[in-house]
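Let's take a walk through this protein together, one region at a time. Please have a look at the sequence and the model before reading on.

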Amino acid sequence: MSAARAEDMALVERCRRGDLAAFEELYRAHAGKLFSVACRLLGNAADAEDLLQEIFLSAHRKLEGFRGESALGTWLYRLATNHCLDHLRSRAARMNQVTDALDDEPSMANVGSRGLAEQTVTKMDLERALARLPEGCRAAFVLHDVEGLEHREVAEALGIAEGTSKSQVHKARHRLRALLLERR
């Protein structure tokens with residue numbers, strides 16, 4: 001067991017014993033990254049703040065089941081991602097929204113001829129484009145390209161195959177390029 005994994009397990013064990021300082025330490029260590037993931041997946045900070053509290057409440061309840069087979073951070077990413085995806089699904093159901101399939105979208109060739117490198121992409125353009133991605137692609141893209149997780153870690157966090165992670169990231173990049181070129 002690596003030193004980091006051993007530290008994770010010691011922290012989890014302290015949390016299991018009811019050590020509030022340990023849970024506060026866990027929160028401080030992971031809240032920033034989980035908030036960032038939630039913001040990007042949900043598209044707004046207010047929902048992300050609300051969901052972050054739910055994520056940590058859920059983590060507190062589920063720590064008994066954490067076996068240390070993955071890094072604590074990876075386990076928390078998966079928990080956070082699942083909460084965000086559930087939230088998006090329920091919001092979509094409430095609003096009766098349907099996300100178009102990627103295959104039905106125009107290809108990059110149809111969108112414009114200028115190269116993406118020639119254009120200045122603002123953060124707002126990117127956030128809007130991210131919000132338009134189907135949730136699976138958005139989650140894989142955010143975890144891999146934004147948060148820097150390896151495809152193996154993305155797959156573990158999302159409960160998908162590594163090949164699916166690669167495919168989702170590829171589709172997300174393609175769709176983002178098209179959406180960003182469309183705005184130009």
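Which helices each supply at least two residues of the lining of the second largest pocket? Keep that question in mind while we set the scene. What you see is a predicted model, and its protein chain holds nine helices and zero strands. Read from the N terminus on, the order of elements is α-α-α-α-α-α-α-α-α.

A few overall values help to frame the fold. The protein chain has 184 residues, and 39% of them count as buried. Its accessible surface comes to about 10400 Å², with 49% of that belonging to carbon and sulfur atoms. If we take the contacts between residues at least 6 apart in sequence, 72% of them join residues at least 24 apart.

Now back to the pocket. The helices that each supply at least two lining residues are α2, spanning 20-42, and α4. Helix α2 gives the most, with four residues. The second largest pocket has a volume of about 160 Å³, and you can pick out its lining by selecting A29, H30, K33, L34, G73, T74, Y77, E147, G148, L149 and E153. By character, this lining divides into four nonpolar, four polar and three charged residues.

One of those lining residues, G148, leads us to another part of the chain. G148 follows helix α7 and has a positive phi, near 85°. Helix α7 itself covers residues 135-146, and its buried residues are C137, R138, A139, A140, F141, V142, L143 and H144.

Helix α4, which we met at the pocket, is worth a second visit. It runs over residues 72-95 and contains H83. Is H83 buried or exposed? Its relative accessibility is 19%, and the cut-off for buried is under 20%, so H83 counts as buried. Leaving out neighbours within four places in sequence, the residues in contact with H83 are L51, E54, I55 and S58.

Next, the aromatic rings. A search of the whole structure finds three aromatic pairs. One of them joins Y27 and F56 in a tilted arrangement, with 4.5 Å from centre to centre and 55° between the planes. This pair links distant parts of the chain, since Y27 sits in helix α2 and F56 in helix α3 (residues 45-62), 29 residues apart. The two partners fall into separate accessibility classes: Y27 counts as partly exposed because its relative accessibility is 28%, whereas F56, at 3%, counts as buried. Ring pairs also bring in F23, so that F23, Y27 and F56 are linked into a cluster.

From F23 we can step over to helix α1, which covers residues 3-16 and includes V12. V12 and F23 are 11 residues apart in sequence, and their C-alpha atoms are 8.1 Å apart in space. How accessible is V12? Its relative accessibility is 0%, and therefore V12 counts as buried. Not counting residues up to four places away in sequence, V12 touches L63, F66 and L72. The last of these, L72, lies within the range of helix α4, residues 72-95, which brings our tour back to a helix that also helps to line the second largest pocket.

Terms used: Residues numbered from 1 in each chain as written. Predicted model: local features only at pLDDT ≥ 70, side-chain atom pairs only at ≥ 80, totals over all residues. Heavy atoms only, no water. Buried < 20%, exposed > 50% of the residue type's maximum accessible area, 1.4 Å probe, protein only. Contact = heavy atoms within 4.5 Å. Areas by Shrake-Rupley, 256 points an atom, 1.4 Å probe, with all protein chains shown as cover. 1 Å grid on protein atoms, 1.4 Å probe; cavity = no way out; pocket = protein on both sides within 12 Å on 5 of 7 lines; lining within 4 Å. Points joined across faces, edges and corners; volume = space filled by probe spheres on them. Nonpolar A, V, L, I, M, F, W, Y, C, P; charged D, E, K, R; others polar. Phe/Tyr/Trp six-rings, centres within 6.5 Å; stacked < 30°, edge-to-face > 60°.
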